[in-house]
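User: I would like to go through this model by question and answer, with the reasoning laid out before each result.

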Amino acid sequence: MDFGGGNEIRFERSGRAGVVTLTRPQALNAVTHRMVNALDKALRAWERDDGVDIVVVKAEGRAFSAGGDILHIYEAGRAGKPPVDFFADEYRLNARIARFEKPYVALIDGIVMGGGVGISFHGSHRVLTENAQFAMPEVGIGFFPDVGASHLLPNLGGSFGMYLALTGNRIRYGDALWSGLATHTIKAQDQAGLLDRLVASDDPESALRGFSIPARRETDSPTLEAIARHVAQPSLGDVIGSLERAATADAFAAKTLATIRTRSPTSLHVAWREISAGLTLSMDECMRMEFRILNRMLAGHDFYEGIRAAIIDKGSTPQWRPAGIDDVSAADIDAYFAPLGERELEL
């Protein structure tokens with residue numbers, strides 16, 4: 001079935017299912033504009049098609065999807081043509097998946113980050129194997145947790161979502177299941193069997209029951225309690241202060257503080273505000289908010305500096321501007337969230 005997407009994404013009809021496969025394994029299935037548009041087209045067609053009861057999304061290779069096509073975004077932005085249209089279409093797709101009326105099953109085996117999260121975790125069923133690793137690491141590259149992170153992360157108990165946003169740390173399938181990010185966990189070796197069962201049934205729950213396995217939380221209770229205690233503060237400054245006071249005697253606090261201090265101060269402030277705000281917003285409102293932030297990020301400094309340090313001059317230390325968490329003013333951050341007038345995201 002050809003919905004576009006070239007050799008980057010494949011669409012098949014199997015039984016009562018529409019099956020989507022990400023086919024850029026050499027690029028860790030980084031999401032491109034072409035993939036976004038093709039998936040959007042497929043979902044619009046399948047939502048209306050009475051012969052399709054369920055959509056399954058999977059990927060080739062060792063990653064589900066390591067994010068968006070960051071290098072392309074960097075190069076376009078540096079050339080003075082930031083790819084705002086790509087993000088507009090991507091965010092519209094994220095919102096479409098969230099309101100998709102049929103079961104939408106993401107089979108996640110390997111890394112899922114950034115843009116990959118956006119095309120999987122807004123669906124009704126998020127199925128992770130023991131190889132899965134979830135992260136929203138954007139604050140480390142001077143960006144912000146987007147693709148609907150402001151809708152996904154606030155709802156995780158014990159301030160766990162805010163912790164993931166501020167650190168960019170990876171979690172495995174047990175933490176994902178217990179926090180509510182994943183709906184099911186299975187063995188990697190059972191993926192083919194589960195897919196066969198899913199395409200033969202109009203009830204993903206019964207298919208998943210036969211393959212689901214229990215997964216223990218990887219993060220222990222004392223650490224979860226520490227996350228809740230330090231991160232459930234009224235401001236970012238208070239989070240830092242809480243970690244600083246504990247850091248001399250507590251290895252977790254010291255490590256978390258050290259991680260946060262390597263992140264873009266601007267990104268941290270933006271992430272703090274968007275995840276806090278997302279708690280009371282609908283998915284569509286979250287996507288409009290993220291699009292406002294996105295426009296300012298692409299016109300700013302830290303995102304390009306973060307990509308330079310991480311990808312262009314691999315392993316060098318980014319020089320953030322402003323350089324300190326206390327150097328970012330409330331007015332600076334307000335500007336990221338200001339309305340865009342006629343350039344607002346249309347959903």
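User: Over which ring does the charged end of Arg273 sit, and at what distance from its centre?

Analyst: This is a predicted model, and the distances quoted here are computed from its atoms. A charge counts as sitting over a ring when CZ of Arg is within 6 Å of the ring centre and within 35 degrees of the ring normal. The charged end of Arg273 is placed over the ring of Phe337, and its distance from the ring centre is 5.3 Å.

User: Which residue lies over the face of Phe160, and how far from the ring centre?

Analyst: The face of Phe160 also has a charged residue over it, for which the distance is taken to the ring centre. The residue is Arg217, at 5.2 Å.

User: Why is the pair of Tyr74 and Tyr304 tilted?

Analyst: The structure holds 15 aromatic pairs. In the pair of Tyr74 and Tyr304 the ring centres are 6.2 Å apart and the planes stand at 50°, so the pair is classed as tilted. The pair links distant parts of the chain, with Tyr74 in helix H2 (residues 70–78) and Tyr304 in helix H15 (residues 302–312), 230 residues apart. Since planes under 30 degrees apart would count as stacked and those over 60 as edge-to-face, the value that decides the class is the angle of 50°.

User: Is Tyr304 buried or exposed?

Analyst: Buried means under 20% relative accessible area. Tyr304 has a relative accessible area of 7%, and its partner Tyr74 has 10% relative accessibility and counts as buried. The class of Tyr304 is therefore buried.

User: What covers the buried residues of H15?

Analyst: The buried residues of H15 are Asp302, Phe303, Tyr304, Glu305, Gly306, Ile307 and Ala309. Their cover includes three helices, namely H2, H13 (265–278) and H14 (283–298).

User: In which helix do Phe87 and Tyr91 both lie?

Analyst: Phe87 and Tyr91 form an edge-to-face aromatic pair, 6.0 Å from centre to centre and with 70° between the planes. Both residues are buried, and both belong to one aromatic cluster whose members include Tyr74, Phe143, Phe291 and Tyr304. They are four residues apart, about one turn of the helix, and that helix is H3 (residues 84–98).

User: Which helix joins E2 and E3 in a right-handed β-α-β unit?

Analyst: Strand E2 (residues 17–22) pairs with strand E3 (residues 54–59) in the parallel sense over six bridges, and Leu22 has Ala59 as its bridge partner in E3. E3 is also joined by three bridges to strand E5 (residues 104–108), again in parallel, where the partner of Val56 is Val105. The helix that completes the right-handed unit with E2 and E3 is H1 (residues 33–48).

User: Which are the edge strands of the open sheet E4-E6-E8?

Analyst: Three strands form this sheet with parallel pairing, and the twist averages 15° from one strand to the next. Strand E6 (residues 111–113) is joined to E8 by three bridges, with Val112 opposite Phe134 in E8. The strands that each pair on one side only are the edge strands, E4 (63–65) and E8 (133–135).

User: Which peptide bond is cis, with omega near -10°?

Analyst: The proline of this bond, Pro322, lies in the loop between H15 and helix H16 (330–337). The bond with omega near -10° runs from Arg321 to Pro322.

Terms used. Residues are numbered from 1 along each chain as its sequence is written. This is a predicted model: local features need pLDDT of at least 70, side-chain atom pairs count only at pLDDT 80 or more; totals for chains, interfaces and linings use all residues. Side-chain values use heavy atoms; hydrogens and water are left out. Two strands pair if DSSP finds at least two bridges between them. Helices (H or I, at least four residues) and strands (E, at least two) are DSSP runs, numbered from the N terminus. A crossover is right-handed if, with the strands pointing away from the viewer, the path from the first strand over the helix to the second runs clockwise. Rings of Phe, Tyr and Trp (its six-membered ring) pair if their centres lie within 6.5 Å; planes under 30 degrees apart count as stacked, over 60 as edge-to-face and the rest as tilted. Buried means under 20% relative accessible area, exposed over 50%, partly exposed in between (1.4 Å probe, protein chains only). Contact means heavy atoms within 4.5 Å. Axes are lines fitted to C-alpha atoms, for helices over the stretch in contact, and angles run from 0 to 180 degrees between N-to-C directions.
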